[in-house]
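Here's a quick tour of a protein and the ligand it holds. Let's start with the ligand's neighbours and work outward from there.

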Amino acid sequence: MSSSETAFTEICARIEHAATQQKRGAKLLAVSKTKPAAAVRLLAALGQRRFGENYVQEALAKQRELADLTLEWHLIGPLQSNKCREAAEHFDWLQSLDRLKLVAPLARWRPPTRGPLQVLIQVNVDDEASKSGCRPDEIAGLAAAVAAAAPALQLRGLMAIPAPHEDPAPRRAAFARMRELFEALRRDHPDVDTLSMGMSEDFELAIAEGATMVRIGSALFGARTTT
Ligand SMILES: *Cc1c(COP(=O)(O)O)cnc(C)c1O
């Protein structure tokens, strides 16, 4: 087995184990930022279909190289307004919606032939220093705007990147807070089904606290030399 095959098999088994303990499923998003298209192709050959990218231009270059494969592309990095058109045209999911003014351009540019853009609202759950993610009290308004933009957009849930504490206790608290926000969102939007949280260092903890999708980069592809 190649090293990426070993890593993939191990991560899938750990996700499965953590999810089974919760009597649920959890999906793997393979975060391929800074990694070459060839690395994506390798994982695709092992059965992985869902890939996450932070930068629109980098993602488009890889998509062109991998056009022969049927993959699901998630944009997980901060979205600038001048990139809404490319995001709407070239991604299946946007996990980083964090402000109202992006909703109309995303809906306008979504090609009807691609079906709805699947949208997660990114929440700044505990990181005062981070500029991405909305405040918890902004979720309801954003969710209503996304729902109103159907059929161009489809609201699927929430995403968060809690601050990287050494200590697991504050991380667990941030994940638990996200779970509460997710449950509250589901009361107004019963079709919402995705809570995206947890990365290489803490995905098992995130699943224990309710994540339905984990976003894993370095544990699958090896350490990044740049972010
Ligand atoms: C880079 C990144 C990840 C993956 O991080 P790893 O620690 O490499 O697993 C997940 N989510 C987002 C939003 C990222 O930018």
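Look first at who sits around the ligand in this predicted model. The surrounding residues are Val-31, Lys-33, Asn-54, Ile-76, Ile-161, Met-199, Ser-200, Arg-215, Ile-216, Gly-217, Ser-218 and Arg-224. By type, that shell splits into five nonpolar, four polar and three charged residues.

Some of these neighbours come with a distance to a ligand atom. Here are three of them:

| Residue | Atom on the protein side | Ligand atom | Distance |
|---|---|---|---|
| Asn-54 | side-chain N or O | oxygen | 2.7 Å |
| Gly-217 | polar backbone atom | oxygen | 2.8 Å |
| Arg-215 | side-chain N or O | nitrogen | 2.9 Å |

How much of the ligand does the protein cover? On its own, the ligand has 390 Å² of accessible area, and the protein covers 91% of that.

Now for the space itself. The ligand takes up the largest pocket, which holds about 590 Å³ of space. The lining of this pocket is made of 31 residues, and those nearest the centre are Lys-33, Ile-161, Pro-162, Met-199 and Arg-215. Several stretches of regular structure help build the wall: strand S5 (117–123), strand S6 (153–160), helix H7 (168–188) and strand S8 (213–216) each give two or more residues to the lining. As for its make-up, the lining has 14 nonpolar, ten polar and seven charged residues.

Arg-215 is worth a second look. This residue is in the group nearest the pocket's centre, and its side chain has an N or O atom 2.9 Å from a nitrogen of the ligand.

Two backbone details round things off. Which kind of peptide bond runs from Ala-150 to Pro-151, cis or trans? That bond is cis, with omega near 5°. Pro-151 belongs to the loop between helix H6 (139–148) and S6, and S6 is one of the strands that contribute to the pocket lining. The other detail is at Lys-23, a non-glycine residue with a positive phi, near 55°. You'll find Lys-23 in the loop between helix H1 (3–21) and strand S1 (27–31).

Key:
Residues are numbered from 1 along each chain as its sequence is written. This is a predicted model: local features need pLDDT of at least 70, side-chain atom pairs count only at pLDDT 80 or more; totals for chains, interfaces and linings use all residues. Side-chain values use heavy atoms; hydrogens and water are left out. On a 1 Å grid over the protein atoms alone, a cavity is a set of points where a 1.4 Å probe fits but cannot get out, and a pocket is an open set with protein on both sides within 12 Å along at least five of seven lines; lining residues have an atom within 4 Å of a point. Grid points are joined across faces, edges and corners, and a volume is the space filled by probe spheres set on the points. Helices (H or I, at least four residues) and strands (E, at least two) are DSSP runs, numbered from the N terminus. Ala, Val, Leu, Ile, Met, Phe, Trp, Tyr, Cys and Pro count as nonpolar, Asp, Glu, Lys and Arg as charged, and the others, Gly among them, as polar. A residue is near a molecule or strand if one of its heavy atoms lies within 4 Å of it. A polar contact is a pair of N or O atoms within 3.5 Å; within protein, one must be able to donate a hydrogen and the other to accept it, and residues adjacent in sequence count only if both atoms are side-chain atoms. Accessible areas come from the Shrake-Rupley method with a 1.4 Å probe; for residues, only the protein chains shown count as cover. A molecule sits in a cavity or pocket if more than half of its atoms lie within 2 Å of its grid points.
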